[in-house]
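Dear colleague,

Please find below the sequence and structure that I am handing over to you. I should be grateful if you would look through them together with the notes that come after.

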Amino acid sequence: MEEIIMTHTQLTQLVQALLDAPTSNETVKEFAQSWINAEGKPEQEELTKQLVSVAEQNIAFIDETIGFAGSEVAAQILGKEGAANLLQHAKEIKAEGAEFCDCPGCVACKHVIDLKVEIE
């Protein structure tokens, strides 16, 4: 079986997607910014070793998204209509078999997780 090696450019694009996703949480954004700031420095290699773990710890399972969307906090953040729309969307994608939230932040985390063999 041939080993697939991710290029530094591809890895940088994955990390940039984590940073750019408007729905990535602060932990993910801070980690991604630290990784980018470490370009060309030895600490970037250490941060790369933590990348998959950060993604796994910060991706939202669809049931977590449903729980959030149905909460008072979601209504305060998104407005009642926004929270209701998110709840309906999350329930629909769960019914279609989704395991995770499909917001840009979670999609970026999922890409990192899917490519963990190439990253680690």
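The notes below set out what was found, beginning with the core and ending with the surface.

Please bear in mind that this is a predicted model.

Nonpolar core

The largest nonpolar core comprises 27 residues. Within this core, Leu11, Leu18, Leu51, Val112 and Ile119 are the residues with the most contacts. Two or more residues each are contributed by helix H1 (8–20), helix H2 (26–37), H3 and H6. Ile119 may serve as an entry point for inspection. Once its neighbours within four places in sequence are set aside, Ile119 is in contact with Met6, Leu11, Leu14, Thr48, Leu51, Val52 and Val112. As general background, nonpolar side chains tend to be buried together in soluble globular proteins.

Aromatic pair

One aromatic pair is present in the structure. Phe61 and Phe100 form this pair in a tilted arrangement, with 5.0 Å from centre to centre and 35 degrees between the planes. The two rings link distant parts of the chain, being 39 residues apart. Phe61 sits in the loop between helix H3 (42–58) and helix H4 (62–69), while Phe100 sits in the loop between helix H5 (72–95) and helix H6 (104–114). How accessible is each partner, Phe61 and Phe100? Phe61 is partly exposed, at a relative accessible area of 39%, whereas Phe100 counts as buried because its relative accessibility is 16%, under the 20% limit for that class.

Salt bridges

There are four salt bridges in the structure, and three of them are described here, including that between Lys116 and Glu56.

Lys116 and Glu56 meet through their side chains at 3.1 Å, N to O. Lys116 belongs to helix H7 (residues 116–119) and Glu56 to helix H3, so this salt bridge ties together parts that are 60 residues apart in sequence. Both partners are partly exposed: the relative accessible area is 32% for Lys116 and 36% for Glu56.

A salt bridge also joins the side chains of Asp63 and Lys94, at 2.5 Å, N to O. Asp63 is in helix H4 and Lys94 in helix H5, and the pair therefore ties together parts that are 31 residues apart in sequence. Asp63 is partly exposed, with a relative accessible area of 46%, and Lys94 counts as partly exposed at 39% relative accessibility.

How many residues apart in helix H6 are Asp114 and Lys110? They are four residues apart, so about one helical turn separates Asp114 from Lys110. Their side chains meet in a salt bridge of 2.6 Å, N to O. Asp114 is partly exposed, having a relative accessible area of 47%, and Lys110 also counts as partly exposed, with 29% relative accessibility.

Nonpolar surface patch

On the surface, Phe68, Val73, Ile77 and Leu78 make a nonpolar patch of about 350 Å². H5 supplies the largest share of this patch, with three residues. Ile77, a member of the patch, is located in helix H5. Is Ile77 buried or exposed? Ile77 counts as exposed because its relative accessibility is 57%, and the limit for that class is over 50%.

With kind regards

Conventions. Residues are numbered from 1 along each chain as its sequence is written. This is a predicted model: local features need pLDDT of at least 70, side-chain atom pairs count only at pLDDT 80 or more; totals for chains, interfaces and linings use all residues. Side-chain values use heavy atoms; hydrogens and water are left out. Rings of Phe, Tyr and Trp (its six-membered ring) pair if their centres lie within 6.5 Å; planes under 30 degrees apart count as stacked, over 60 as edge-to-face and the rest as tilted. Buried means under 20% relative accessible area, exposed over 50%, partly exposed in between (1.4 Å probe, protein chains only). Patches are made of residues with over 30% relative accessible area and no salt bridge: like charges are joined within 9 Å, nonpolar side chains (Val, Leu, Ile, Met, Phe, Trp, Tyr) within 5 Å. Accessible areas come from the Shrake-Rupley method with a 1.4 Å probe; for residues, only the protein chains shown count as cover. A nonpolar core is a set of buried Ala, Val, Leu, Ile, Met, Phe, Trp, Tyr and Cys residues joined through side-chain atoms within 4.5 Å. Contact means heavy atoms within 4.5 Å.
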